[in-house]
Amino acid sequence: MSKPSVFVARAIFPEVIERLSAHFDIESNQADTVWTKAQLIEKLQGKAGAFTTSSERIDEEVLAACPGLKIVANMAVGYNNFDVAAMTARGVLGTNAPDVLTETTADFGFALLMATARRVTESEHYLRAGQWTKWNYEMFSGSDVHGATLGILGMGRIGQGIAKRGAHGFGMNVIYHNRSRLSADLEADCKARYVSKDELLAQADHLVLVLPYSASSHHAIGAAELARMKPTANLINIARGGIVDDAALAAALRDRRIAAAGLDVFEGEPSVHPDLLKVPNVVLTPHIASATVPTRLAMGNLAADNLIGYLTQGKPLTPLNPEVLSQ
Ligand code: 8YV
């Protein structure tokens, strides 16, 4: 019997390709080409499965043009690149890669918070540019992290990881806002207090965004929300581009209406709003919050396990639309 065909949309660890090859006829992309929609559709012809990253959009147009597709396995916890309703309607299973990146991503959220609060990249640029000719008592004064109020918008697994680091490691006063309030046990674990979004904006010294992107979280932080924040506050986005209105943020940073920001994700990435590149009080990183080798390997293996589990036994590990399994 011939093996099902699977398209691996982007470059990935050779050992993941090898595992997939034991079960499937694989078309891979180790040259790491970023596909247009038309190219993606062409590549998916005759494929039962696709291994995707956040860069590949799987929408009704793609699904309609690829009737053989049974599963799309995303190597990401976020899946706003999937139209899940369209996938369900067409009987295509979607899977994501939760849990395996939680701690690594929470580590990075904290790294960005620290770098932003203590002006790490800005001061390094100054040093590299040969501008450091003498010490001065107020040079690169930042804001304290220990004992400050840590606000978290979006209190899923990664948000909870950041809360624990802040509360237990840095003695921070942790407040959060989320669609639903955590159980009393989880709140106690995180030492976190539930507040309204307005209170969160007004009280946080460091506000970390960890909520999923959807139509309802689009520009959850725009000019009005930035205006409610303290002028000394730092804003950190490790969630998704589009949750922050980047143009409004660049203006707030330029006018010092908030002190600083740390951004790992951007509207329209890999493009970055040109005004953000002009302001010194922002730390910018290229969507690397989950980027450690063990974590990226675990994410790749989980996406592969979803393809293998579903296409060989009908049993995916982390389905997004499990109703497809009983269709
Ligand atoms: C991924 C991410 O590296 O998991 C997510 O949702 O944003 C990152 O960890 C990226 O999306 C690649 O798919």
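# Loops, rings and a helix crossing

Arg119 is partly exposed, with 26% of its relative area accessible. Since this is a predicted model, everything below describes computed geometry. The 26% falls between the 20% and 50% cut-offs, so Arg119 counts as neither buried nor exposed. You will find Arg119 in the loop between H5 and helix H6, which covers residues 120–128. Its backbone deserves a look: although Arg119 is not a glycine, its phi is positive, at about 55°.

His219 is another non-glycine residue with a positive phi, about 50° in this case. Where does His219 lie? The loop that holds His219 runs between strand S9 (206–209) and helix H10 (223–228). With a relative accessibility of 27%, His219 is classed as partly exposed. For another backbone feature, turn to the peptide bond between Glu269 and Pro270, which is cis with an omega of about 10°. Pro270 belongs to the loop between strand S11 (260–263) and helix H12 (274–278).

Let us go back to H5 and see how it meets H7. The two helix axes come within 8 Å and cross at roughly 55°. Why are H5 and H7 called oblique to each other? An angle of roughly 55° is neither under 35 degrees nor in the range of 65 to 115, and it is not over 145, so the oblique class is what remains. As for handedness, H5 passes H7 in a right-handed crossing. On the H5 side, the contact is made by Thr102, Glu103, Thr105, Ala106, Asp107, Gly109, Phe110 and Met114. Their counterparts in H7 are Arg157, Ile158, Gly161, Ile162, Arg165, Gly166 and Phe170. Sorted by type, the residues of this H5–H7 contact comprise six nonpolar, five polar and four charged.

Aromatic rings come next. A pair of rings is described by how far apart the centres are and by the angle of the planes. With centres within 6.5 Å as the criterion, the model has four aromatic pairs. One of them joins Phe110 and Phe170, with ring centres 4.9 Å apart and planes at 25°. That angle is under 30 degrees, so the pair is stacked. Because Phe110 sits in helix H5 (residues 102–117) and Phe170 in helix H7 (residues 157–170), this pair ties together parts that are 60 residues apart in sequence. Are the two residues buried or exposed? Phe110 is buried at 6% relative accessibility, whereas Phe170, at 30%, is partly exposed.

Tyr176 and Tyr194 make an edge-to-face pair, 5.3 Å from centre to centre with 70° between the planes. Here the partners come from strands: Tyr176 is in strand S7 (residues 173–177) and Tyr194 in strand S8 (residues 192–194), so the pair links distant parts of the chain, 18 residues apart. Tyr176 is buried, with 0% relative accessibility, while Tyr194 is partly exposed at 27%.

Our last stop is Arg228, a residue of helix H10. Its relative accessible area of 40% makes Arg228 partly exposed. Which residues does Arg228 touch, leaving aside its neighbours within four places in sequence? The contacts of Arg228 are with Asp198, Leu201 and Ala202. You can also trace the C-alpha to C-alpha separation from Arg228 to Arg257, which is 9.6 Å in space for residues 29 apart in sequence.

Technical notes:
Residues numbered from 1 in each chain as written. Predicted model: local features only at pLDDT ≥ 70, side-chain atom pairs only at ≥ 80, totals over all residues. Heavy atoms only, no water. Phe/Tyr/Trp six-rings, centres within 6.5 Å; stacked < 30°, edge-to-face > 60°. Helix = DSSP H or I, 4+ residues; strand = E, 2+ residues; numbered from the N terminus. Buried < 20%, exposed > 50% of the residue type's maximum accessible area, 1.4 Å probe, protein only. Axes fitted to C-alpha atoms, helices over the stretch in contact; angles between N-to-C directions. Left-handed = near helix turned anticlockwise from the far one by under 90°. Contact = heavy atoms within 4.5 Å. Nonpolar A, V, L, I, M, F, W, Y, C, P; charged D, E, K, R; others polar.
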